[in-house]
Amino acid sequence: MNLEIVQGLTAIIKPGSVAELRVLQARDGNYTANYTGYFNNIEKMAEAAARFNGNAPAVYFTLNECNPALLARAANRMVKAGQKSSSTTDHDIIKIRWFPIDADAVRPAGISSSSDEHREALNRAEAIMDYLSDFDWNPPFFCDSGNGAHLLYPVDLDNTPENVELIKTCLASLSQKFSDD
């Protein structure tokens with residue numbers, strides 16, 4: 001078991017709740033495949049994620065709490081995703097646990113940021129953190145994404161249209177204040 005993965009997942013996923021683990025373009029023999037699984041067991045999720053280490057460019061999980069019924073798709077295990085993938089949709093989220101802020105340089109898809117762009121994105125994330133701390137927001141998880149930064153602020157909201165709109169409005173307000181060319 002990979003203790004670092006377990007610690008990271010435990011910090012973000014509420015114990016006993018359901019999250020989806022997705023793996024994109026994993027090497028599988030002579031071709032690539034996408035995989036998905038639903039987990040309410042952090043240790044099993046960490047083991048599944050570790051198995052793809054070095055074999056896929058993207059391994060990630062849902063930040064927000066999924067409907068427990070989704071465990072029926074692949075309970076605490078990974079399966080190949082079909083052409084009509086059964087991955088999580090917005091309607092499958094029952095609780096919004098995180099207010100995520102993504103600070104990245106503007107660039108075409110598939111092109112990594114330069115060192116200067118990466119540094120500027122990290123600085124911009126710190127400016128956003130400082131701004132929100134002025135309103136008594138608790139410090140977020142600050143994550144270096146390699147191209148920029150992610151700020152994850154804990155929240156506890158039902159997945160309702162009103163709360164989704166609240167998140168969108170807050171992100172738009174921050175974007176208006178902090179985004180540039």
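1. Asp-136 is exposed: its relative accessible area is 69%, and the cut-off for exposed is over 50%. This value, like the others here, comes from a predicted model. Asp-136 sits in the loop that runs between α3 (115-133) and β7 (141-144).

2. Asp-136 also belongs to a negative surface patch. Its partners there are Glu-126, Asp-130 and Asp-134.

3. Now the aromatic rings. The structure has 6 aromatic pairs. One of them joins Trp-98 and Phe-141, with 5.5 Å centre to centre and 55° between the planes. That pair is tilted. Trp-98 belongs to strand β6 (residues 93-104) and Phe-141 to strand β7, so the contact ties together parts 43 residues apart in sequence.

4. How buried or exposed are the two rings of this pair? Trp-98 is buried, because its relative accessible area is 7% and buried means under 20%. Phe-141 is partly exposed, with a relative accessible area of 34%.

5. Tyr-131 and Phe-135 make another aromatic pair, and this one is edge-to-face. The centres are 5.1 Å apart, and the planes meet at 70°. Tyr-131 counts as partly exposed, because its relative accessibility is 26%, and partly exposed covers the range between the buried and exposed cut-offs of 20% and 50%.

6. Which residues form one aromatic cluster? They are Phe-99, Trp-137 and Tyr-153.

Conventions:
Residues numbered from 1 in each chain as written. Predicted model: local features only at pLDDT ≥ 70, side-chain atom pairs only at ≥ 80, totals over all residues. Heavy atoms only, no water. Patch = residues over 30% accessible without salt bridge, like charges linked within 9 Å, V, L, I, M, F, W, Y side chains within 5 Å. Areas by Shrake-Rupley, 256 points an atom, 1.4 Å probe, with all protein chains shown as cover. Salt bridge = Lys/Arg side-chain N within 4 Å of Asp/Glu carboxyl O. Lys, Arg positive; Asp, Glu negative; His and termini not counted. Charge placed at Lys NZ, Arg CZ, Asp CG, Glu CD. Helix = DSSP H or I, 4+ residues; strand = E, 2+ residues; numbered from the N terminus. Buried < 20%, exposed > 50% of the residue type's maximum accessible area, 1.4 Å probe, protein only. Phe/Tyr/Trp six-rings, centres within 6.5 Å; stacked < 30°, edge-to-face > 60°.
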